[in-house]
Protein chains: 2
Amino acid sequence: MTATEPRPRRSDATRSAILAAARERFAADGYERATIRAIAADAGIDPAMVMRYYVSKERLFAAAAEFDLRLPDMTAMPRTEVGIRVVEHFLTRWEEDETLMALLRAAVTNQAAADRMRTLFADQVAPAVAALGADPAQARARAGLMAAQLLGMALCRYVLKLPPLVTMARADVVAWIAPTVQRYLTADRPS
Amino acid sequence: MTATEPRPRRSDATRSAILAAARERFAADGYERATIRAIAADAGIDPAMVMRYYVSKERLFAAAAEFDLRLPDMTAMPRTEVGIRVVEHFLTRWEEDETLMALLRAAVTNQAAADRMRTLFADQVAPAVAALGADPAQARARAGLMAAQLLGMALCRYVLKLPPLVTMARADVVAWIAPTVQRYLTADRPS
DNA sequence: GTCGTTGGCCAACACTTGTTGACAAGAGTA
DNA sequence: TACTCTTGTCAACAAGTGTTGGCCAACGAC
């Protein structure tokens with residue numbers, strides 16, 4: 001039997017308008033500065049509606065921060081290309097979906113958001129790296145190193161907007177970062 | 001003639017107690033969640049004193065976020081050791097002084113703090129890297145790449161607390177990260 | 001039509017925020 | 001002593017926050 005699909009409600013449009021506005025605000029302002037009132041205004045409805053549909057700001061964020069990295073299967077590509085492919089994918093995913101930005105901006109000051117980030121790492125990043133077949137104990141470290149490099153780039157380029165990284169062409173970013181990730185994921189020893 | 005030293009006031013102890021408490025709170029909570037009242041309570045005085053001595057929350061943060069990275073002279077060390085030395089220095093500086101944590105936590109959601117971060121980069125990091133003598137145009141990019149890697153590590157290890165990076169021994173962190181920084185700073189081409 | 005259910009808005013609540021002004025105690029000086 | 005500047009406290013303001021409950025209109029089944 002198929003899962004019980006709750007039949008579409010008349011308010012679905014409003015619900016998703018709220019969610020979209022919430023993602024936008026959380027991404028632009030972080031958790032505390034993004035107000036329910038501003039989100040409601042963006043969605044063109046009353047603040048009370050946000051509470052009715054999402055109960056609390058906390059749970060609204062939880063709904064808005066749902067995110068799937070959609071990491072490609074790294075075992076199904078030439079082992080020497082893993083670095084490039086992952087960096088390309090990460091940058092694309094970051095730029096096409098503001099959820100990651102919301103998650104990062106919130107995670108820096110909000111416990112629940114930081115938990116989300118750790119969960120995302122544990123559920124999506126770590127397993128994908130582990131599948132590459134390295135010593136399991138080291139695999140987690142490798143995944144962490146990769147996350148540090150990728151999140152650091154995103155932080156400096158998209159959040160802090162450090163001029164040299166904002167200016168840099170995407171191709172150059174990939175050219176510089178990919179070898180690092182490649183090394184973190186596949187090199188036998190640190191150096 | 002020497003600079004006009006304002007003679008010590010009786011309230012200097014209070015002033016620096018406020019500043020210390022402010023740094024602590026900004027580091028732990030970020031800009032918006034760190035309240036004047038909490039800072040004053042930590043310093044054991046009345047919130048009004050904070051305003052008297054630092055005028056506004058904005059200017060209190062400006063005072064608390066004053067920071068000198070104290071980057072070593074990279075031209076005065078073996079060129080092959082630049083990576084290790086910079087990473088070691090950065091981690092030490094991060095761990096011994098909570099100002100950097102305050103700066104990062106705040107910069108993610110606060111414009112003025114982000115400006116501070118960019119200024120710190122432009123005034124302290126970029127020149128130090130430029131002194132290494134690479135093509136000036138590329139030097140800025142190299143500095144940016146280094147910042148991305150170092151800040152990314154700090155973000156994941158100290159702010160987001162990703163388990164594998166929290167667990168990892170400091171020596172291992174250095175062993176993995178240093179070659180990356182070394183490459184960003186001294187390699188001719190990306191790979 | 002009628003009537004219950006749903007979607008929506010409004011006004012208000014309790015609370016926290018940064019910030020201000022009035023005022024009391026203490027030190028230092030005449 | 002009296003007088004002034006400093007250091008400090010207290011109470012309050014005005015604005016903004018998440019959140020709540022009541023009320024109205026429109027829809028859909030009967």
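Here are a few questions and answers about how the chains of this predicted model meet each other and the DNA.

In this predicted model, local features need pLDDT of at least 70 and side-chain atom pairs count only at pLDDT 80 or more, while totals for chains, interfaces and linings use all residues. Residues are numbered from 1 along each chain as its sequence is written, and chains are lettered from A and ligands numbered from 1 in the order in which they are written.

User: Which helix gives the largest share of the side of chain B that touches chain A?

Analyst: Two residues are in contact if their C-beta atoms, placed from the backbone, lie within 7 Å. The contact takes 40 residues from chain B and 40 residues from chain A. Helices are DSSP runs (H or I, at least four residues), numbered from the N terminus. Of the side of chain B that touches chain A, 14 residues, the largest share, come from H8(B).

User: What kind of axis relates chain B to chain A?

Analyst: Copies are superposed by least squares on the C-alpha atoms of residues with pLDDT of at least 70 in both. Chain B lands on chain A after a rotation of 180° with 0.0 Å of shift along the axis (RMSD 0.0 Å). That relation is therefore a two-fold axis.

User: In chain B, which residue has the C-alpha nearest the axis?

Analyst: The distance from that C-alpha to the axis is 1.7 Å. The residue is Gly152(B).

User: How many residues surround DNA strand D?

Analyst: A residue is near a strand if its C-beta atom, placed from the backbone, lies within 6 Å of it. The closest include Thr35(A) and Ser11(B). Surrounding DNA strand D, the count is 16 residues.

Note on methods
Helices (H or I, at least four residues) and strands (E, at least two) are DSSP runs, numbered from the N terminus.
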